[in-house]
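Notebook open, model on screen. I want to note what packs where before I go back to the bench.

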Amino acid sequence: MKNENDILKWLNRENSDEDLLRLKETEEFTTLEKIAHYSSQLDTPKVNVEEALKDLKLKTKNTTKKGKVVRFNIKKLYKYAAILVVLLTTTYFLFSNSNTNFKTEFAQTKNFNLPDNSEVILNANSEISYAKNKWEENRNLNLEGEAYFKVQKGKKFTVNTEIGEVTVLGTQFNVKERENYFEVKTYEGLVSVTYKNTVVKLPKGTIFKVVNGKIDTTHTFDINEKSWLQKESNFKSTALRFVLEEIENQFGYTIETTAINLDILYSGGFTHNDVNNALKSVTIPLQLSYKIDGKKITIFNYDK
C-alpha cells in the first residue's frame, strides 16, 4: 500500500490537514473508510496497555544475552498493531459479507440443499444467492430465473426477485422470474406473494402471474400436471415470446423471428428431450414454420 506513513497517521487520527488532503486523493482512501467503519463495530478485548508493556520489557530484559540492553521501540509496536488491525478487519469484512451462489447454464438444472435442509431445484439459466452465515436468523435468498422449493418448516422463508417477493413458513412452490414475466405456483401449503403494493395469498393449486407489469388474475392449475421438473414445459394462454424464451433456456439455442406476432397466445407444451419436437409442438398449432442453422433457430410464417 502506498503512502504508508499517511495511512498510519490517519488510523491514529494524527493527520494534518495537508496529510489528509493528500491521502484522500489516493485510490486506497475509499477502502480505508470502509475498513474504519467496520472495525469500529467489532468488539475487541480490553487490554491494559501499561501492564502489557511492563511484561514485554521484562521478557526482553530476561532474554538479553551477556547483559546487552535491547532498546524497545514503542513507535514500531504501534505501527505493527495498526497494520494488524487493518488486516484483521479486512478479513472480517470480506468473510462476513460473502454470499453463497448456485448457477445453471442453458439446458442445465441443479439440485441442492439450503443450510436448514430445505430443497431447491434450479431450472436452466437461473441463479440463487444467499448469506450462509446469517441463514439461521434470516432465511432470505435472491433468485434470477426459475426454481422449485421444498421448504422446511421454521422461520419466515423469503424469495426475492426483481419483480416480486414470495414468503412462506414451510411449503412447496415454484417461482419463475424472467424478463417482464413473474409467476408463482403453490403445490403445498400457503404462499404469500408481494408485488409492489399488492399482497396475494396463494393456496394449494393456484397460480399468480405478472406479465409486462400487469397482474394476471389468479388462476388454478393441476398440481399433478407435468412441469419442467419432469422435463416438460406447459403453458396456458401465454404470449409466444415467453414460450420461445423457454425453448432457448432448455436447449441453449438462439431464436430469431421474421414478421411474427410475439404477443399471440399459446396453450400447450413441449418436452425437453428433442428441440425439433419442441419446435413442432409450438409452431404447428400457430401455423408457423422454422429452420435450424447450427445453434440458431429462425421462426417465420408458414407458406401455404
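I started with helix α7 and looked up what its buried residues pack against: α6 (240-251), β16 (265-271), β17 (288-293) and β18 (296-301). Worth keeping in mind that this is a predicted model.

Which residues of α7 (residues 275-283) are buried? I get Val 275, Ala 278, Leu 279, Val 282 and Thr 283. They sit on the same side of α7, because they cover an arc of only 115° around the axis. That fits the usual rule: an α-helix has 3.6 residues a turn, so residues three or four places apart point the same way.

I also checked the start of α7. There, Asp 274 has a side-chain oxygen within 3.0 Å of the backbone nitrogen of Asn 276.

Next, the nonpolar cores. The largest has 27 residues, and the members that touch the most others are Ile 128, Leu 141, Phe 149, Phe 157 and Phe 173. Strand β5 (residues 139-150) gives this core its largest share, 4 residues. A second core, separate from that one, has 20 residues, among them Leu 240, Val 243, Ile 247 and Val 275. Val 275 I had already met as one of the buried residues of α7.

I then listed the contacts of Leu 141, leaving out residues up to four places away in sequence. They include Leu 114, Ile 128, Trp 135, Phe 149, Phe 157 and Val 159, and also Ser 129, Thr 158 and Asn 160.

A lysine caught my eye: is Lys 176 buried or exposed? Lys 176 counts as buried, because its relative accessibility is 8% and the cut-off for buried is under 20%. I find Lys 176 in strand β8 (residues 172-178). Its side chain makes a polar contact of 3.3 Å with the side chain of Glu 246. Beyond four places in sequence, Lys 176 touches Gly 145, Glu 146, Tyr 181, Phe 182, Glu 183, Phe 235 and Glu 246.

Then a hairpin. Strands β10 (residues 190-195) and β11 (residues 198-203) run antiparallel and are joined by 6 bridges. Ser 192 stands opposite Lys 201 of β11. The hairpin has 2 residues between its strands, and Lys 196 in the turn has a positive phi of about 55°.

Last, the totals for my records. I count 7 helices and 18 strands in the protein. Of its 304 residues, 36% are buried. The accessible surface is about 19200 Å², and carbon and sulfur atoms hold 49% of that. Among contacts with a separation of 6 or more, 41% are between residues 24 or more positions apart.

Notes:
Residues numbered from 1 in each chain as written. Predicted model: local features only at pLDDT ≥ 70, side-chain atom pairs only at ≥ 80, totals over all residues. Heavy atoms only, no water. Pairing = 2+ DSSP bridges. Core = buried A, V, L, I, M, F, W, Y, C linked by side-chain atoms within 4.5 Å. Buried < 20%, exposed > 50% of the residue type's maximum accessible area, 1.4 Å probe, protein only. Contact = heavy atoms within 4.5 Å. Areas by Shrake-Rupley, 256 points an atom, 1.4 Å probe, with all protein chains shown as cover. Polar contact = N/O pair within 3.5 Å; in protein donor to acceptor, adjacent residues only side chain to side chain. Arc of directions from axis to C-beta.
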